[in-house]
Amino acid sequence: MTSNSPPTFQLRPYQVEAIAAIQADWRAHSDVLLALPTGLGKTEVFIALLQQVVQPGQRALILAHRDELIQQPHERLLRRWPGVQAGIVKADQNEAAAPVVVASVQTLSRARRRQALLRHGPIDYLIIDEAHHAVADSYRRVLGDLRQANPRLRHLGVTATPMRLDGVGLDAVYQSIAYQRNIRWGVDAGYLAPLVGLSIRTQINLDGVNVRGGDYAEGELTAAVNVLNRNELIVHAYQRFAAGRSALAFGTSVDHAQDLATAFRAAGVSAAMVCGATPLEERRATLGALRDGGISVVCNYQVLTEGFDAPMVSCILMARPTLSQGLYIQMVGRGTRLYPGKRDCQVLDFVDSQHQMVITLEDLLGKPLAQRDAEESAREQGIILPGYGDEVVDYDPYDIQVEGIGLYTATLDLLADSRLSWFMLGRAASLALGDAGGTLFILPPLRERDRALILERLARGQTYAQEGRYARQVEFLAQCAARPADYVLLRCAGKPVVVEPLARSASFEELLGQAEALAQREGAAPIRERYRDWRGQEPTPAQARLLHSLDPGGRASGVTRGQASQIITHRLAQQTIRRAFGPLAAEEA
């Protein structure tokens with residue numbers, strides 16, 4: 001076995017950084033943590049690390065708790081590290097004399113198996129995979145005996161989720177996090193597949209479900225959500241938004257996973273179920289069929305959250321509500337790996353009615369939980385908001401009904417990350433810059449019927465701004481009709497108000513950045529204004545009257561003073577844009 005040498009395979013720059021950081025931390029601490037999301041190559045990092053640090057005559061142990069987490073590192077060791085002597089210690093397998101051992105914690109939790117391992121020499125380097133489990137007694141027994149045999153033992157824990165639900169911090173075992181990256185970083189850097197989220201609201205109520213150990217009590221949760229209506233809704237959502245994608249569905253129990261698979265098959269979708277009780281060979285065959293395309297959807301309970309590599313998976317069905325960000329990260333991580341032809345990973349969150357803050361994709365990608373309430377009225381109407389992905393779904397929210405349960409969707413709101421007081425109404429976003437700056441407006445792509453109307457009127461010479469000083473606006477309108485997929489950034493300012501076209505782009509995020517840069521260059525007041533106390537007060541009488549006249553559709557009821565101000569500003573700007581551009585600011589926008 002070669003040792004103390006550079007890795008024999010190509011590492012990404014952040015993996016090189018991680019190895020250097022781990023070695024630096026090991027100079028001061030014996031137990032350190034590496035936190036990388038699924039798909040960023042934790043296994044490659046610790047294999048390359050061991051290649052660099054293990055000296056001739058030294059030994060290393062990789063400890064895991066599932067079959068997949070033992071087989072995969074062992075296979076990669078043999079593939080990545082030519083000449084390595086690597087053995088497995090698990091159940092009947094007992095290759096304890098190998099310099100590098102991959103072992104099951106269940107096996108080494110038995111004293112006689114630990115003694116058999118150590119008879120061949122102490123362990124110098126310990127790797128614990130899925131290290132959020134390392135505070136368990138079984139792991140601590142192993143760690144205690146290894147350190148007693150070798151006080152100079154260096155230990156690295158690797159995990160995608162350096163957090164636990166039960167309140168036991170990982171600092172009970174680890175002294176530092178040597179290196180850490182999150183999913184958002186991986187997506188932005190191009191190492192993980194972009195995540196596109198749809199939040200699908202059901203009418204199931206979870207308020208009667210108790211919380212134990214930081215998450216929903218599974219028996220009660222299953223009783224609440226494992227119902228025919230909701231299961232069929234999940235199937236319909238998959239067929240509507242992700243048909244043909246390789247998908248994983250996460251259930252609340254074995255029965256729930258089985259019933260979901262049955263519902264998929266009843267709808268003509270090839271599906272199977274795996275759980276902890278599924279015989280190992282059957283589980284491997286099912287997952288192999290998913291990889292090969294023989295099965296479209298695998299429904300599971302508690303077995304595919306860790307150690308499962310299927311990079312072709314491009315849809316995650318969150319049929320299991322959870323309060324645990326760690327568990328949610330594990331589930332989403334099954335779809336983040338890159339794969340040829342894979343454009344993104346579609347995450348369908350099935351959001352039930354509850355007073356608890358259930359984790360969804362918007363939390364994972366940076367939206368604060370406290371901002372959800374501000375969007376509730378929009379979601380209840382099925383309004384589609386611009387999202388993190390390239391697509392914006394546009395359809396009637398009532399076109400799918402499953403025995404009384406309506407399907408509502410909302411893609412993730414990029415505006416939630418902003419420090420400015422953006423307002424979303426329908427499919428358009430507005431930002432008030434004050435009396436001098438006017439209002440910035442981002443309009444969504446043109447609907448086909450509006451594009452046809454614009455083209456017809458332009459052909460007839462019937463524009464919404466005939467005077468010569470509006471020539472630029474007319475030209476801009478024609479350009480918008482020629483590129484209907486673009487978002488449009490406008491400014492309404494001046495007295496009388498003039499609509500000024502600013503930019504077009506196929507990317508909502510690009511226009512949002514341009515608008516915010518403009519707002520901040522002009523010293524716009526709305527920085528942090530969304531958090532000012534006055535915005536939560538009741539509307540003034542004058543606001544209420546104007547709001548009622550501008551917005552007769554019912555949004556005036558129950559809004560705050562800040563929301564009323566935003567609706568009024570939005571509607572006034574929308575009227576101005578409509579006078580200039582007509583269908584570009586149609587009522588549905």
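# A guided tour, starting at strand 5

Begin by selecting residues 86-90 and 100-104: these are strand 3 and strand 5, and the two pair in the parallel sense over 4 bridges. The model on screen is a predicted one.

Within this pairing, pick Ile88 and look across to Val102, its bridge partner in strand 5. Next add residues 60-64, which make up strand 2. Strand 2 also runs parallel to strand 5, and 5 bridges join them. Here the residue to pick is Leu61, whose bridge partner in strand 5 is Val101.

Stay on strand 5 and show its side chains. In a regular strand the side chains alternate between the two faces of the sheet. Which residues of strand 5 lie on each side? Val100, Val102 and Ser104 are on one side, while Val101 and Ala103 are on the other. Both faces are covered, and 5 of the 5 residues in the strand are buried.

Now go to Ala91, in the loop between strand 3 and strand 4 (93-94). Check its backbone: Ala91 has a positive phi of about 50°, although it is not a glycine. Ala91 counts as partly exposed because its relative accessibility is 44%.

A second stop of this kind is Gln302, in the loop between strand 14 (297-301) and strand 15 (315-318). Gln302 is not a glycine either, yet its phi is positive, at about 65°. With a relative accessible area of 39%, Gln302 is partly exposed.

Turn next to the aromatic rings, which form 5 pairs in this model. Select Tyr14 and Trp185, an edge-to-face pair with 5.3 Å from centre to centre and 80° between the planes. Tyr14 is in helix 1 (residues 13-26) and Trp185 in helix 7 (residues 183-188), so this pair links distant parts of the chain, 171 residues apart. Is each ring residue buried or partly exposed? Tyr14 counts as buried, at 2% relative accessibility, whereas Trp185 is partly exposed, at 28%.

The other ring pair to select is Tyr238 and Phe264, which is edge-to-face with 5.7 Å between centres and 80° between planes. Tyr238 lies in helix 9 (residues 228-241) and Phe264 in helix 10 (residues 254-266), so the pair ties together parts that are 26 residues apart in sequence. Both residues are buried.

Return to Trp185 and add Tyr191: ring pairs link Tyr14, Trp185 and Tyr191 into a cluster. Then add Arg181, whose charged end sits over the ring of Trp185, 5.0 Å from the ring centre.

Select Asp31 next, in strand 1 (residues 31-35). Asp31 is buried, with a relative accessible area of 4%. Which side chain makes a polar contact of 3.1 Å with the side chain of Asp31? That side chain belongs to Arg147. Leaving aside residues up to four places away in sequence, Asp31 touches several others, including Leu143, His155, Val173 and Tyr174.

Finish at Lys495, in the loop between strand 22 (487-493) and strand 23 (498-505). Lys495 is exposed, with a relative accessible area of 85%. Add Gly438 and draw a line between the C-alpha atoms: the two residues are 9.8 Å apart in space and 57 residues apart in sequence.

Note on methods:
Residues are numbered from 1 along each chain as its sequence is written. This is a predicted model: local features need pLDDT of at least 70, side-chain atom pairs count only at pLDDT 80 or more; totals for chains, interfaces and linings use all residues. Side-chain values use heavy atoms; hydrogens and water are left out. Buried means under 20% relative accessible area, exposed over 50%, partly exposed in between (1.4 Å probe, protein chains only). Two strands pair if DSSP finds at least two bridges between them. Rings of Phe, Tyr and Trp (its six-membered ring) pair if their centres lie within 6.5 Å; planes under 30 degrees apart count as stacked, over 60 as edge-to-face and the rest as tilted. A charge sits over a ring if NZ of Lys or CZ of Arg is within 6 Å of the ring centre and within 35 degrees of the ring normal. A polar contact is a pair of N or O atoms within 3.5 Å; within protein, one must be able to donate a hydrogen and the other to accept it, and residues adjacent in sequence count only if both atoms are side-chain atoms. Contact means heavy atoms within 4.5 Å.
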